[in-house]
Amino acid sequence: MRTELPIDAWRDTRDTLHLWTQVVGKIRMALTPPVNHWWHVTLYLSARGLSTGPIPIPAGVLDIEFDFVEHRLVLRTSDGGERVLPFAGQSVASFYEGTLKALGELGVEVQIHPVPNEVEVAVPFADDVEHCTYVPEHAHAFWLQLIDADRQLRRFRSDFTGKVSPVHYFWGAMDLAVTRFSGRDAPAHPGGAPNCPDSVMLEGYSRELSSAGFWPGGGTEGAYYSYAYPAPEGFSDAPVPAGAYFSAELGEFLLPYETVRRSADPDALVQEFLQATYRAAAELGRWPSTVVVGS
């Protein structure tokens, strides 16, 4: 049973949670050795919410988890250390302060760029007391959407024989994504994401790709998306299943979550959308057959 979660009903919680995940994501980025396409900065779905996975520290391993079951941030180290930060009553400023304090108590030293990325108005974390809404039921429902999307994207990922990313959560845009690569270089990305250095996009889009995922935007209840970089000629006119469409504004195909939720066969609809948009990228872009085979 897919959860109904209208964006208008949880926008304030969504925006607060977005910024909290940026704080934790930047901690992972600062402590983890770089990996191509910024794969070292992402979060991952867990049995309780979203997690950094293991982060190397001098004393062993650190992990940080957003627990959407008990609604708290849990910080753990491999020497048995643990700190917990409840979500209730936290602004971005207090969440930032509390997270850094907890890390200090665990003996973890870290410095991050304390300003959000990919948002139009980038208020430093330490100064942001406006974003302070957390409704547990809404965060839990979003996590259930991510569980559904993670399952769909893992299934889609499994039959590709070329270079492909993990299924992971990018905190810059708050999306769960998986990306396939043709193996060829891509033209330099023009950048332009709000409050984000162009170098981020240059690295992220340094290779020709087809990317798909889910995020809490693009529809009344969020949407699956799919795009190609560079987009081959005719890509926007490619056939997609009923209910999906190409957004000229965003430059990508969208399949609203509410369309999926109301479908007679939601799993089949999502897989058809993912496969159709990938085929459009690969066939129109004339990807090498060595990576198209098995898709």
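Two helices whose axes cross at an angle under 35 degrees count as roughly parallel. In the predicted model described here, the axes of helix 1 and helix 2, the latter spanning residues 92-105, come within 10 Å and cross at roughly 25°, and helix 1 and helix 2 are therefore roughly parallel to each other. The crossing in which helix 1 passes helix 2 is right-handed. On the side of helix 1, the contact involves T16, L19, W20, V23, V24 and I27, which meet V92, F95, Y96, T99 and L103 in helix 2. Sorted by class, the residues of this contact comprise nine nonpolar and two polar residues, with no charged residue among them.

Helix 1, which covers residues 7-31, also packs against helix 3, residues 136-157, with an angle of about 75° between them and with their axes 9 Å apart. Because angles of 65 to 115 degrees are classed in this way, helix 1 is roughly perpendicular to helix 3. Here A9, W10, T13 and L17 of helix 1 meet H138, A139 and F142 of helix 3, and the residues of the contact divide into five nonpolar and two polar, again with no charged residue.

Between helix 1 and helix 2 in the sequence lie several strands, and strand 4, residues 60-67, pairs with three of them. Strand 2, residues 49-51, runs antiparallel to strand 4 and is joined to it by three bridges, with F66 of strand 4 as the bridge partner of L50. Strand 3, residues 55-57, likewise pairs with strand 4 in the antiparallel sense over three bridges, and I57 stands opposite G60; a hairpin of two residues connects strand 3 to strand 4. The pairing of strand 4 with strand 5, residues 72-77, is also antiparallel and comprises six bridges, one of the facing pairs being D67 and R72. Strand 4 and strand 5 form a hairpin with four residues between them, and within this turn H71 has a positive phi of about 60°.

A further set of six strands forms an open sheet in the order 7-8-9-10-12-11, in which the pairing is antiparallel. Strand 7 (168-170) and strand 11 (245-247) are the edge strands, each pairing on one side only, and the twist from one strand to the next averages 35°. Within this sheet, strand 8, residues 175-185, runs antiparallel to strand 9 and is joined to it by seven bridges, while seven bridges also join strand 9 to strand 10, residues 223-229, again in antiparallel fashion. Individual pairs help to place these strands: A177 has G213 of strand 9 as its bridge partner, G213 in turn stands opposite Y225 in strand 10, and W215 stands opposite A223, likewise in strand 10. Eight of the nine residues of strand 9 are buried, so this strand is largely enclosed by the rest of the structure. In a regular strand the side chains alternate between the two faces of the sheet.

Two individual residues illustrate how separate parts of the chain meet. Y169 lies in strand 7, and, since its relative accessibility is 0%, Y169 counts as buried. The C-alpha atoms of Y169 and L45 are separated by 7.7 Å, although these residues are 124 residues apart along the chain. When residues up to four places away in sequence are not counted, Y169 touches T21, T42, L43, L50, F142, M174, D175 and L176. Among these contacts, L50 is the residue whose bridge partner in strand 4 is F66, and F142 belongs to the part of helix 3 that meets helix 1.

S206, by comparison, is found in the loop between helix 4 (198-204) and strand 9 (207-215). Its relative accessibility is 17%, and because buried means under 20%, S206 counts as buried. Leaving aside neighbours within four places in sequence, S206 is in contact with H37, D185 and A186.

Notes
Residues numbered from 1 in each chain as written. Predicted model: local features only at pLDDT ≥ 70, side-chain atom pairs only at ≥ 80, totals over all residues. Heavy atoms only, no water. Axes fitted to C-alpha atoms, helices over the stretch in contact; angles between N-to-C directions. Parallel < 35°, antiparallel > 145°, perpendicular 65-115°, else oblique. Contact = heavy atoms within 4.5 Å. Nonpolar A, V, L, I, M, F, W, Y, C, P; charged D, E, K, R; others polar. Pairing = 2+ DSSP bridges. Buried < 20%, exposed > 50% of the residue type's maximum accessible area, 1.4 Å probe, protein only. Left-handed = near helix turned anticlockwise from the far one by under 90°.
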